[in-house]
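Subject: Structure handover

Hi,

Here is the structure I said I would pass on to you. Have a look at it first, then read my notes underneath.

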Amino acid sequence: QEREREIPGAEAQRTMARGQYVPVAEKTPRQVPDGLAEMDGPAAEVIGIRIDLGDDDDKRCRADSDVLPDTPCFSDEDLMESTPLKPEPDIVGCKDEELEPINGPVEEGTPSKTRGAMTTFAASTNLITCMIGASVLSLPRMVANSGWVMGPLMLVFAGGVSCRASLLVNRALDAATELSGTGLPPRNVGEVVEICFGARGKAIVLALTCLFQVCKCGVYFVVIGTNLHFWSDSLTSKQCTLVAVACGIWLVFVRSITTISKWSIIGVAASVCYLVSIGTAGFQAVATLPSESRPSDMWPAKVGNLPQIFAVMLYAYSPADVLPVMKADMQRPEELPQAVLFSHMATASAYVGLAAVGYYGWGTHVAGNVLESMCDLPGCHGTIPDYEVPGSKWMSGYVLATAVVANLMVTIPIVLYCVFCTVEAQLDVFKESRVANVAMRTVVVLGSVSIALFVPFFIEILAVISTALLVSLQILLPCIVTWALSREGKAKFGVPEGSLLTLGVIVMVIGLSSALHNLADAINAAA
């Protein structure tokens, strides 16, 4: 009460929830009991009511005799609480209540989370940060496989497809909000699917999403091993992966998203390092390597590989899974399409310039992970025969390797946190039993690590994941949901949507076939 008396004004009234002061809406006369609505001064600002919640849920309250000696006892529906509630008991699973969006007025005992604080520009920059990740390491190789004519065009086209699919997701979010009858926006695409296709459809989408995230982390472990190997030739890439897992395994058992999200600044800094180091190394290659060691082609070497190349390029964009949360946190949710358009244009421009510099610097000899090209002739260890002596490593390579490892070591816990929370939400046993929860998390991590250990081929496994899972979730799913909503009269399914659906089917069927064939060739070559 003493803290409350120090804060003047009705707008500064505060209630205690989970041990923290949170702002609440200003009371109206209808919310204040009869006889108190017209009062002025501290008595009107601080009611002085204490509520003690017993084990039998009996509410016993008394008026503060120093402020209002004759005030009767009121329920919590009439007055805001002024004393802290007992903290909730610890839970086994994910503790994501701090980031749960709150719709409507703040209720008593509810932790406050700022809603509508994100500007359109901030949403655009956040989307750019989400898109620019470790997949940027593959773009110079993808352009090299496509040639100077098709490479940049396909990279821009992939950005356009991702933008269109994201706009379909935004439209589906609006339609699902209207159809739900609650006025609350969906928290993820799975809830949109549930409205259209029921609980079974939602379960299928969630299962595919979790599988995609686990496989994505497997690719991340491959990249971590390769980048750590750049620092130490005495350890193999697989050994470096195991070292990284041993050092960072504890991160995946962090159960508070607030703690995990504090590491996001590392990802922002790493994204900048990606662009600067790759661009610098590309120009260094042009200046130091002879032109005959940097051959290039105008057209793709294998036309049949274009669908899987396109899928990998699409992987470098595809922010559709974060759009529901992004839309809920915007000041003007109706401006999300502008943020999506701007972020894709900016990211596509950066990708085209970066991939072009990388291809121009190393030509068709650029490695699948561009880091493995950042050495003097004859090349980096692992990209040349064992009997040859590797060239000196470039400083830009060390910077890139450090940035990639730092970024992925904090990205993996965030991605797996989403998987853990989804599994826990579907099966109560993982929320009730700590042993079962730890076992589940361990199995998921081991699944991702197994991908890195048994199929440590960055480009090949990325192509399989992109053609099989990414296309399903980022192209086919938005189109199918749009079709379902069009039957309810809440969306339009026309030629653009039909064309996008057809493109997704072609990329999946043809691209997945060639991706599996290339992966088999890589496994046989390594055997």
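Below is what turned up, going from the core to the cysteines, a few single residues, the salt bridges and a surface patch.

Before anything else, please keep in mind that this is a predicted model.

**The core**

A good place to start is the largest nonpolar core, which has 125 residues. Within this core, Tyr 351, Trp 362, Met 374 and Leu 400 touch the most other members. If you want to know which element gives the largest share, look at helix H15, residues 458-487, which supplies 17 residues.

Met 374 is worth clicking on. Leaving out residues up to four places away in sequence, its contacts include Trp 362 and Leu 400, both of which are also on the list of core members with the most contacts. Met 374 also touches Phe 230, Ile 278, Ala 281 and Trp 394, among others. One more of its partners is Cys 380, which brings me to the cysteines.

**The cysteines**

How many disulfides are there? The count comes to 1. Cys 375 and Cys 380 form a disulfide, with 2.0 Å between their sulfur atoms. The link is right-handed, with 105 degrees about the S-S bond. Are these two cysteines buried or exposed? Both Cys 375 and Cys 380 are buried.

Cys 217 is another story. Why does Cys 217 have no bond to Cys 215? The sulfur of Cys 215 is the closest cysteine sulfur to that of Cys 217, but at 9.4 Å it is too far away for a bond, because a disulfide needs the two sulfur atoms within 2.5 Å. Cys 217 is buried, with a relative accessible area of 0%. Cys 240 is buried too, at 3%.

**A few single residues**

Next to Cys 240 in the numbering is Thr 241, which lies in helix H6, residues 237-248. Thr 241 has a relative accessibility of 2%, so it counts as buried. Not counting residues up to four places away in sequence, Thr 241 touches Phe 221, Gly 225, Ala 452 and Leu 453.

Ser 271 sits in helix H8, residues 264-288. At 8% relative accessibility, Ser 271 counts as buried. Once its neighbours within four places in sequence are set aside, Ser 271 is in contact with Thr 129 and Ile 132.

Then there is Val 471, found in helix H15, the helix that gives the core its largest share. Val 471 is buried, with a relative accessible area of 0%. What does Val 471 touch, not counting residues up to four places away in sequence? Its contacts are Ala 311, Ser 466, Leu 476, Gly 504, Val 507 and Met 508. It is also worth finding Tyr 315: the C-alpha atoms of Val 471 and Tyr 315 are separated by 8.7 Å, although the two are 156 residues apart along the chain.

**Salt bridges**

The structure holds 9 salt bridges. One of them joins the side chains of Glu 497 and Arg 171, at 3.6 Å from N to O. Glu 497 lies in helix H16 and Arg 171 in helix H4 (residues 139-180), so this pair ties together parts that are 326 residues apart in sequence. The two partners sit in different surroundings: Glu 497 is buried, with a relative accessible area of 3%, whereas Arg 171 counts as partly exposed at 27%. The pair also belongs to a network of salt bridges that links Arg 164, Arg 171 and Glu 497.

Two more to look up:

- Glu 194 forms a salt bridge with Lys 202, with the closest N and O atoms 3.6 Å apart. Glu 194 is partly exposed, with a relative accessible area of 34%.
- The side chains of Glu 335 and Arg 332 meet in a salt bridge at 3.3 Å, N to O. Glu 335 has 19% relative accessibility and counts as buried, because the cut-off is under 20%.

**A surface patch**

Last one. Which residues make the nonpolar surface patch of about 330 Å²? Val 505, Ile 506, Val 509 and Ile 510 do. Val 505 is placed in helix H16, residues 495-526, which also holds Glu 497. At 41% relative accessibility, Val 505 counts as partly exposed.

Cheers

Definitions and conventions:
Residues are numbered from 1 along each chain as its sequence is written. This is a predicted model: local features need pLDDT of at least 70, side-chain atom pairs count only at pLDDT 80 or more; totals for chains, interfaces and linings use all residues. Side-chain values use heavy atoms; hydrogens and water are left out. A nonpolar core is a set of buried Ala, Val, Leu, Ile, Met, Phe, Trp, Tyr and Cys residues joined through side-chain atoms within 4.5 Å. Buried means under 20% relative accessible area, exposed over 50%, partly exposed in between (1.4 Å probe, protein chains only). Helices (H or I, at least four residues) and strands (E, at least two) are DSSP runs, numbered from the N terminus. Contact means heavy atoms within 4.5 Å. Patches are made of residues with over 30% relative accessible area and no salt bridge: like charges are joined within 9 Å, nonpolar side chains (Val, Leu, Ile, Met, Phe, Trp, Tyr) within 5 Å. Accessible areas come from the Shrake-Rupley method with a 1.4 Å probe; for residues, only the protein chains shown count as cover. A salt bridge is a side-chain nitrogen of Lys or Arg within 4 Å of a carboxyl oxygen of Asp or Glu.
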